[in-house]
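This report looks at two helices and one pocket, with the cut-offs behind each term given where the term is used.

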Amino acid sequence: MTPLSRTRSLHWLLWQAIALACLPILLLTFLDYREQRQEALRALDGEVGSTLLAARLGQEASLRSLQQTFEIMARSDNLRNLDPQDCSGLAQRLLRSMPDFSDLGAARPDGRLWCSAQEAGPDADGPPTVNVQGWFRDALSGSGMTAGEVITDSVRGPQLVFGYPVRSRTGQLQAVLYAAMAPSRFAQLMVRLELPAGWNAFLLGADAKMLSYWPEGSAPAQPDAATVAAFQAALAQGRSTVELRGFDGHLRMYGVSRTGSSKTPLLVAVGAPLTRTIERIEQAFVLRVAVLLALALLSMLAARYWVYGLVDAWARRATQTLQALAGGELAARMSAASPVRELAMVEEGINTMAAQLQQRRRELLQLSSAVQQSPVAMLITDAQERIEYVNPAFERLTGYTHAEVLGRHPDLLNAGTTAPEVYVQMQAQLRNGQPWSGEFQSRRKDGQLYQEKVTIAPLRAEGAAVTHYTAVIEDVTAQRQVEAQIERLAYYDALTGLHNRAWMHQHMGQLLQPPPAQCTAALLLFDVDRFKQVNDTWGHAAGDALLRCLAQRLQGLASAQAGLARMGSNTFALLEPQLGADPVSTAAAAQRLATEVVQSLVQPVTLDEEQQLYVSVSGGATLLCGTARTAAQLLKQAEVALYRAEAAGGGMALLFDAAMQAQVDERATLEMGLRQALDQQSLVLHYQAQVDAQGGIKGAEVLLRWPQGPQGQPVSPAQFIPLAEDTGLIVPLGLWVLDGACAQLARWQAQPQTAQLTLSVNVSARQFHQSDFAAQVAAALARHQVQPSGLVLELTESAILGGLEATAARMHALRALGLRFALDDFGTGYSSLSYLQQLPFDELKIDQSFTRAMLQDPASSAIVRAILMMCRALGLTVVAEGVETAAHHEFLLRHDCHGYQGYWFGRPLALPDWERQHLAASQAVGAQA
């Protein structure tokens with residue numbers, strides 16, 4: 001069966017749509033019919049109930065009339081005289097006023113009838129007796145009218161007889177009155193109620209005998225037992241109305257009940273015909289259904305015409321266009337637009353699809369052309385990995401033609417040098433349906449090896465099964481060669497051919513991650529002592545030859561597993577992974593190896609036939625199981641041991657130990673604390689007074705203090721200032737001191753009594769040679785609005801060594817701002833008179849070591865006097881540091897020293913204490929003058 005044979009025509013679907021549209025209307029029509037029918041039945045039910053109630057009320061009225069009649073007879077004299085004729089006459093008169101009753105009379109207490117409204121015929125046996133009848137026995141024991149009892153009379157037929165006892169005042173029974181009602185009177189009651197035609201009523205006895213039936217003359221000879229049972233069942237279920245077929249076979253709405261006046265219950269039923277009641281409703285329902293079906297038929301005919309005119313013709317055009325597209329005519333289009341919006345949308349979709357197919361064909365042709373002309377090799381295999389297609393680039397890369405590889409496996413290119421696990425990983429990934437990318441070393445048709453980068457991807461059909469594999473192959477031989485060269489340049493030293501510092505860092509990091517479980521490895525550093533002297537004396541070519549020779553010797557001493565690298569200018573690193581089995585044996589082996597290397601490297605190095613170099617080497621070693629956890633920490637430990645060996649004179653090797661570690665930790669703690677102190681500004685400035693020859697305060701020198709170090713104790717400047725120099729923190733520290741000094745100087749210059757004071761600030765060599773130092777000084781002066789003449793920058797001789805022209809230019813630039821310079825610690829460094837001649841110094845400070853020794857040491861005394869004489873000749877102001885006694889002061893004063901600074905005049909103090917001590921004293925001296 002084809003898919004087309006399982007479809008249905010538009011006409012059939014249209015019929016279904018109309019049927020579905022008419023279904024709600026039919027449902028509503030049926031529900032309306034049902035509601036009208038129910039309403040009619042409810043009205044009929046009420047009418048039947050009213051008729052049944054009227055019958056019951058009529059019966060009750062007859063019984064009340066009977067009660068009154070009994071009471072009249074009981075009180076009449078005719079009855080009390082017990083005269084049969086008088087009593088019968090009275091009964092006849094009363095019976096004429098009771099149309100529902102057929103007889104009225106009385107019986108003696110012994111049950112013999114002695115009075116009757118009906119004339120009795122001759123009875124040979126005497127008057128009849130009723131003492132065995134139920135109504136008589138009920139009257140004997142009762143005091144009022146008894147319930148009726150159905151008595152069948154051979155002459156008059158069934159009678160409903162009621163009794164009434166008549167008693168004397170003493171309660172003695174005198175007579176029992178009775179009245180007989182013919183059940184046929186029930187039909188006369190129905191006549192009086194004027195029931196419509198088709199109605200039915202009957203009175204049914206307890207023994208299923210028909211006592212009365214209306215309309216008269218149509219009573220069944222023998223009631224149908226099933227019908228009787230149906231009425232009795234409805235009564236037993238407590239239903240007052242019920243739809244049943246009567247004894248004549250017609251369906252009616254019957255009201256059923258039992259009479260309360262009979263000792264034996266009688267079934268009373270009144271029925272109204274249903275057929276006539278709902279006939280009009282059913283006719284209206286049929287008419288509406290017929291109209292609806294006619295409208296549906298007309299709608300179908302109109303729709304058929306519309307479908308033929310609009311849809312059928314359009315469907316044929318759409319089919320023709322789709323067939324043309326399926327046949328490859330991608331330029332086919334639906335030209336005539338349908339007036340139906342939905343159909344027009346389908347037309348637009350078909351035309352769009354055709355345009356996309358046409359575009360995809362163009363793209364496919366372009367892709368095919370691109371694959372053919374691509375410089376990247378490509379191949380396609382089937383699911384069994386048999387080659388089905390290769391492009392020309394593949395032929396150029398491998399040397400194989402398309403015909404030579406067609407149907408063959410790609411492993412024909414396998415050179416056998418690629419690791420087997422690469423193929424295992426590739427197959428596993430492809431079996432999971434995932435792309436794979438990797439590299440192979442393959443062999444061309446001519447046998448030449450090349451490196452190829454391959455990306456293989458599975459191609460799936462609609463059912464998700466892999467049908468083909470496509471591979472993109474790129475020749476990366478040249479790229480890998482370049483990368484190898486780059487790696488050699490990145491990780492090898494060009495001069496010695498050894499690994500470089502970057503490789504050693506990486507290698508150490510690999511050994512430390514994870515941290516080694518056993519202490520078996522050691523790092524050794526070696527440095528050529530005084531290598532700069534070799535370069536300066538013999539030239540850099542000789543230095544390079546020396547380094548190459550030392551590298552060769554180290555290679556001969558290192559094990560096969562060792563890592564060897566040139567770390568810097570003249571520093572070599574040797575990483576031995578297996579020296580011992582425990583820390584003790586490893587440390588001993590490291591020390592022996594380091595000593596052996598040092599002794600081997602001190603052998604003379606022959607540069608040429610006439611030149612030999614004698615050098616010494618220092619070494620430092622550390623174990624890879626100590627506190628170091630990173631390559632940088634490990635290298636730092638080895639460097640500490642190396643520096644200790646160099647500081648001890650060189651030519652030896654030392655092993656890093658706990659004492660060195662303690663010093664390293666102390667230095668690291670101190671550095672961290674200094675950085676935190678700078679960030680938190682917990683450093684303070686102290687001031688030491690500078691006085692003139694008359695003893696007046698001329699100014700002060702700003703000194704940096706660290707009142708609370710990492711251990712909570714003050715840290716000496718001799719400790720943290722060199723550390724700051726080594727770590728570079730001296731630059732931000734110097735700027736912070738300079739800014740604080742300018743701020744204080746501005747406050748002094750704002751007060752007349754302190755406006756003449758100067759402040760001297762120490763400037764480190766590193767800070768002075770910062771390219772923006774002059775700009776920073778100018779910014780501080782401008783920020784605090786300071787008169788520059790009050791600021792003195794103190795430079796040591798180390799700050800001006802080297803680059804004399806640049807130093808002079810920077811000093812002149814700052815001097816142009818108006819500030820002054822002082823040469824600090826003169827005489828302790830490479831003192832040169834040319835500095836004083838070429839550089840714009842205003843002041844020279846004699847180092848405190850000369851001042852303290854000048855009274856005991858003639859040489860120091862002569863140096864001090866010479867400095868004072870020289871400064872007078874050069875026009876420089878002199879300030880002597882370290883003036884601690886009166887004798888120092890008198891000696892310097894006697895030789896015309898201009899300024900003094902030292903403990904004799906005051907220790908460095910915090911600003912409030914300094915001002916309280918020195919400014920008050922200065923004002924007192926001025927007042928005495």
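## Helices and pocket

Helix α6, residues 225-236, has 12 residues that at 1.5 Å a residue should span 16 Å, and its end C-alpha atoms are 16 Å apart, which agrees; helices are DSSP runs of H or I of at least four residues, strands are runs of E of at least two, and both are numbered from the N terminus, while the expected span is 1.5 Å times one less than the number of residues. The buried residues of α6 fall within an arc of 130 degrees seen down its axis, so they line one face of the helix, the arc being that of the directions from the helix axis to the C-beta atoms. The model is predicted, with local features needing pLDDT of at least 70, side-chain atom pairs counting only at pLDDT 80 or more, and totals for chains, interfaces and linings using all residues. Residues are numbered from 1 along each chain as its sequence is written, and side-chain values use heavy atoms, with hydrogens and water left out.

Buried means under 20% relative accessible area and exposed over 50%, with partly exposed in between (1.4 Å probe, protein chains only).

| Helix | Buried | Exposed |
|---|---|---|
| α6 (225-236) | T227, V228, F231, A234, L235 | A225, A226, A236 |
| α24 (804-815) | T807, A808, M811, L814 | E805, A806 |

The buried residues of α6 pack against β6, β8, β9 and β10, where contact means heavy atoms within 4.5 Å. Just after α6, G238 takes a positive phi of about 80 degrees.
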